[in-house]
Amino acid sequence: MNNHGDKISGSFFSIFELPETRYKKDILEELGQAMTNTVVHGTSRLFSGYAYFGQFIDHDITRLKSGKEPPGERPKELDSLKQLRTPALDLESLYGKGFDDPDIPVDKTNGKMFLGKTVNKDGSSRKDILREDDLPRNLKTGKALIGDDRNDENLIIAQLHVQFLRLHNLFVDKLKTSNSSIHDVKDKKLSTIVKEVGCKSPRQLYCEARRQVILHYQYSVLYDFLHKIIDPHVWNYFFQEDLELMGEKKKRKDSHISMAIGKRFLLDSFCFEEPRMPIEFSAATFRFGHSMIRGEYRINDQVSLTIAGLFRMTGNGGFLGIRTLPETHVIDWRYFFDLAGSGNDRTRFRENFARRIDTDVQLLLGPINNSSNNVAVRNLLRGNELKLPNGRAVANHILSKLRKKQGEEEQRLYEYINDSLSKIDFEPSLPELKECAPEKRRRLYKCLKEIGNKPPLWYFVLCEAASIHKGERLGPFASLIIAETFCTLINQSEPSIYHSDWYLFDVIGKPRNVKRNTTNAITELLKYAKSYNG
């Protein structure tokens with residue numbers, strides 16, 4: 001089985017084309033080690049599922065064929081990098097090459113995606129009671145039959161992949177019955193869709209269900225994930241007008257071009273001519289989620305797992321000797337997203353809230369005495385290997401571009417970002433590090449002194465979030481890069497909510513008053529996926 005990475009699906013490029021900043025390897029390793037378990041700000045108010053949804057997105061849009069792991073000392077040229085994903089939000093990690101992909105099992109009789117059955121705790125099967133709550137697998141090897149093997153590297157991301165498979169199958173069922181409804185509300189336009197698309201054959205049902213899943217996914221990324229993760233001023237600048245126009249009907253083909261596309265200024269127009277991935281986004285800015293990872297999670301009412309346990313409870317990790325996922329380890333999504341709502345029941349699920357976005361990175365892939373297992377070290381070395389500019393240089397470059405814009409909105413944004421950047425603290429105060437060992441504090445300050453006024457881009461992003469929003473969300477500098485990159489990726493997607501006349505099934509609860517609130521689209525999709533019974 002391949003992982004849809006044999007053919008180069010795109011390329012990498014630099015948004016800013018700034019000179020690289022080279023750091024000594026030993027300084028980056030010292031900084032990465034010092035960042036581990038420094039306990040800067042602790043737990044946020046955001047459910048931890050958003051960190052893993054970000055990982056799910058990352059696996060959809062980028063995969064660097066980097067060769068030897070961990071990152072080496074030799075710098076790599078952009079032209080030599082191989083992108084093994086189509087840089088578009090098209091769920092390639094879920095659908096691969098489509099209906100006829102030999103590596104992803106599709107039921108050719110009805111257009112549905114196959115799921116895997118769970119087993120009892122002792123590994124035995126009981127077909128009468130067990131649900132299809134696992135990834136489809138080769139039962140001899142345990143290997144997941146999916147478009148990206150990284151979606152089986154930890155239990156949470158694997159279970160999230162399962163929910164999208166279930167969502168696809170629910171949409172197939174919905175298309176087959178044109179008078180079906182969701183939330184007991186009749187879907188008046190569905191019969192028209194079925195008639196126009198011709199959803200009769202399994203292939204046609206598969207293709208339209210796939211299109212609907214991708215559109216819902218894109219909507220969830222822009223109006224739920226980004227709304228909760230990026231700076232609110234930047235989100236409003238890019239997406240508020242889009243959401244307010246969401247209900248308008250578009251009759252002419254390609255008439256729904258997002259206002260956000262017209263507001264780009266970091267990316268030049270040629271960036272839209274072919275799918276390409278900004279290296280500053282892939283190798284630094286969008287890696288903020290690593291700081292949000294907890295050391296342990298409650299996955300349901302009975303079971304808690306450490307990070308190591310999450311990695312072991314997968315096909316790649318061997319399921320502790322069991323051939324597939326035991327039913328005792330199926331994720332209860334109330335512990336990862338706000339499925340419980342605002343009632344009293346919500347309190348008991350707060351123990352899984354994500355860590356704040358800051359320079360405390362707990363994620364280790366093995367024993368702490370091996371620096372190659374330290375994700376902070378790996379990220380810093382990867383940025384060095386890929387010849388990234390430093391964070392201060394990128395910030396100054398963005399400000400210079402914003403300063404040249406004539407619009408009133410742009411000038412307000414420039415003033416806001418300029419003011420925010422002046423508040424970034426790259427040297428955490430001693431009270432914030434009071435739980436950190438004196439030796440680790442000494443090492444951290446030594447590294448920062450060596451780096452001076454040129455902090456690595458990834459470290460800059462984390463410091464900005466901690467300084468501006470106390471780690472609850474990203475600061476405006478990082479948010480600007482991320483928002484514009486996603487606008488570009490969705491613009492390059494097929495299908496895309498930025499193009500033509502599109503329609504979403506009424507399962508994500510679009511708000512009546514978009515100025516006051518956005519949707520909890522991911523939560524609504526998970527609730528809907530849970531209802532699938534095969």
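The structure holds 23 salt bridges, a salt bridge being a side-chain nitrogen of Lys or Arg within 4 Å of a carboxyl oxygen of Asp or Glu. Side chains of opposite charge can pair when their charged atoms come close. This is a predicted model, in which local features need pLDDT of at least 70, side-chain atom pairs count only at pLDDT 80 or more, and totals for chains, interfaces and linings use all residues. Residues are numbered from 1 along each chain as its sequence is written, and side-chain values use heavy atoms, with hydrogens and water left out.

Three of the pairs, including their N to O distances, are listed here.

| Salt bridge | Closest N and O atoms |
|---|---|
| R166 and D133 | 3.2 Å |
| D360 and R355 | 2.1 Å |
| R412 and E408 | 2.8 Å |

R166 is buried at 3% relative accessibility, where buried means under 20% relative accessible area, exposed over 50%, and partly exposed in between (1.4 Å probe, protein chains only). Its partner D133 is also buried, at 11%. Both D360 and R355 are buried as well.

The pair R412 and E408 lies in helix α13 (residues 408-421); helices are DSSP runs (H or I) of at least four residues, numbered from the N terminus. Because they are four residues apart in this helix, about one helical turn separates R412 and E408. R412 is partly exposed at 48%, whereas E408 is exposed at 61%.

A further group, R63, D148, D149 and R150, is linked in a network of salt bridges.

Terms used. Helix = DSSP H or I, 4+ residues; strand = E, 2+ residues; numbered from the N terminus.
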